[in-house]
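Trainee: I'm new to this one, and I'd like to know what the words for empty space and contacts really mean here. Can we go through them together?

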Amino acid sequence: MAVPLLDLKAQYATIKDEVLREIAEISDSQYFILGPKVEKLENEIAKYCQSNCAVGVTSGSDALIIALMVENIGPDDEVIIPPFTFFATAGAVARVGATPVFADIDPVTYNLDPAKVAEKVTGRTKAIIPVHLFGQSADMDPIMEIAKKHNLIVIEDACQAIGAEYKGRRVGSIGDYGCFSFFPSKNLGCFGDGGMVTCNDPEKAKKLKIFRNHGQSGTYMHDFVGGNFRLDALQAGILSIKLRYLDSWSQARQQNAAEYDALFAQADLGEKVSTPKKANYPVRHIYNQYCIEIADGKRDELLAHLRELGIGCAVYYPLSLHLQKCFAKLGGKAGDFPVSEAATGRIMALPIYPESTSEQRKSVVEAITAFLK
Ligand SMILES: *Cc1c(COP(=O)(O)O)cnc(C)c1O
């Protein structure tokens with residue numbers, strides 16, 4: 001049975017009428033940039049993420065960049081990030097001219113290991129960017145403690161984790177900023193690129209709004225050099241509709257993950273496959289990805305085999321960021337971040353999208369079992 005990694009058409013079919021009506025309304029208004037639709041979404045997202053404020057921006061990557069810009073982080077500054085994440089986390093730091101400083105991850109959650117973060121703090125450190133990878137929160141309490149002790153800004157990269165919780169609190173509401181992406185493959189995706197920055201401090205929110213519009217504080221009056229980071233009304237309108245379904249979609253993902261867990265337990269593959277592990281602190285995991293680990297160097301062979309069968313799977317992420325060519329000047333070497341490097345060789349994402357079926361999951365696990373047994 002062919003199983004796509006993600007099927008956005010299946011989800012669109014369930015909301016098509018509402019979405020087309022919204023698009024028609026916005027088209028009739030010809031009000032496209034920021035405006036009431038964006039403000040409405042900002043209020044809804046702030047509430048959903050338990051944050052005081054939210055500011056709509058052009059993408060998750062730009063959400064990270066604008067948070068760094070508002071904090072005036074740039075050349076001579078260091079920002080601590082995990083080496084095992086989507087490139088944008090590191091790219092944003094480099095784009096503002098600051099230096100990404102990697103700290104290894106925890107093998108259970110793939111998120112920043114707070115003990116490793118503490119070792120990386122120097123006199124130049126300005127911020128920490130914990131990533132809530134795959135939809136599971138990083139261990140925020142010890143990270144916030146380190147930040148407090150050294151007076152550092154915490155920017156949560158929550159691009160894969162909208163609605164995820166840490167000890168009962170929504171991610172994006174814990175640090176100084178929360179950065180969200182509405183890229184179509186995220187749990188809440190728009191019809192193009194889009195993003196949001198949450199924060200609790202209204203002064204910071206005000207500055208974010210100035211920066212997203214070329215640093216303009218009055219008409220054609222520029223106190224800062226910002227950029228064009230404006231979210232548009234069509235994306236905001238579509239997102240407001242989709243947000244109403246987000247909890248049911250995230251619950252379906254949790255249910256699908258539980259089914260995979262049970263199927264792999266039944267398949268009894270021993271050490272050959274390990275299913276995703278829950279953090280040892282209370283979380284609400286929203287499973288933007290369901291990633292298993294394959295032992296014995298068999299991952300790439302299995303991946304090729306599944307693709308031949310029409311089973312969608314992907315590697316998030318195949319190369320630790322400290323080994324990327326563009327960061328060669330930072331001097332990263334193989335062996336520097338053993339936990340991250342081990343994960344890049346073993347990890348593999350399976351189809352987990354809300355509309356996928358139990359039959360599909362069974363055939364995925366059967367194919368993996370037949371190959372590895
Ligand atoms: C998707 C993603 C981003 C970037 O979001 P875009 O909207 O694609 O720019 C940043 N960080 C992480 C961890 C992501 O998954």
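Mentor: Sure. Start with what a helix is here: a DSSP run of H or I with at least four residues, numbered from the N terminus. Keep in mind that this is a predicted model. With that in hand, α3 supplies the largest share of the lining of the largest pocket, 3 residues.

Trainee: What makes a residue part of the lining of the largest pocket?

Mentor: A lining residue has an atom within 4 Å of a grid point of the pocket. The largest pocket holds about 510 Å³ of space. It is lined by 32 residues, and Q160, F183, S185, K186 and Y317 are the closest to its centre. That lining divides into 16 nonpolar, 12 polar and 4 charged residues.

Trainee: How do you know that the ligand sits in the largest pocket?

Mentor: The test is that more than half of a molecule's atoms lie within 2 Å of the grid points. The ligand is assigned to the largest pocket, so it passes that test. Around the ligand there are 15 residues, and the closest are G60, S61, Q160, S181 and K186. α3 (60-70) and α4 (87-95) are the elements that give two or more residues to this shell.

Trainee: Why is the pair between Q160 and the ligand called a polar contact?

Mentor: The cut-off for a pair of N or O atoms is 3.5 Å. A polar side-chain atom of Q160 lies 2.8 Å from an oxygen atom of the ligand, so the pair counts. D157 also has a polar side-chain atom 2.8 Å from the ligand, there from a nitrogen atom. With G60 the partner is a backbone N or O atom, 2.8 Å from an oxygen atom of the ligand. As for cover, the protein takes up 93% of the 380 Å² of accessible area that the ligand has on its own.

Trainee: What makes a space a cavity and not a pocket?

Mentor: In a cavity a 1.4 Å probe fits but cannot get out, whereas a pocket is an open set. A search of the whole structure finds 3 cavities of 30 Å³ or more. The largest cavity has a volume of about 100 Å³, and among the 15 residues lining it, L6, Q11, K186, R253 and P354 lie nearest its centre. α1 (8-29) and α9 (246-267) each give two or more residues to that lining, and α9 gives the most, with 4 residues.

Trainee: Why are 4 residues of that cavity lining called charged?

Mentor: Asp, Glu, Lys and Arg count as charged, so the 4 must be of those kinds. The rest of the largest cavity's lining divides into 7 nonpolar and 4 polar residues.

How values were computed. Residues are numbered from 1 along each chain as its sequence is written. This is a predicted model: local features need pLDDT of at least 70, side-chain atom pairs count only at pLDDT 80 or more; totals for chains, interfaces and linings use all residues. Side-chain values use heavy atoms; hydrogens and water are left out. A residue is near a molecule or strand if one of its heavy atoms lies within 4 Å of it. A polar contact is a pair of N or O atoms within 3.5 Å; within protein, one must be able to donate a hydrogen and the other to accept it, and residues adjacent in sequence count only if both atoms are side-chain atoms. Accessible areas come from the Shrake-Rupley method with a 1.4 Å probe; for residues, only the protein chains shown count as cover. On a 1 Å grid over the protein atoms alone, a cavity is a set of points where a 1.4 Å probe fits but cannot get out, and a pocket is an open set with protein on both sides within 12 Å along at least five of seven lines; lining residues have an atom within 4 Å of a point. Grid points are joined across faces, edges and corners, and a volume is the space filled by probe spheres set on the points.
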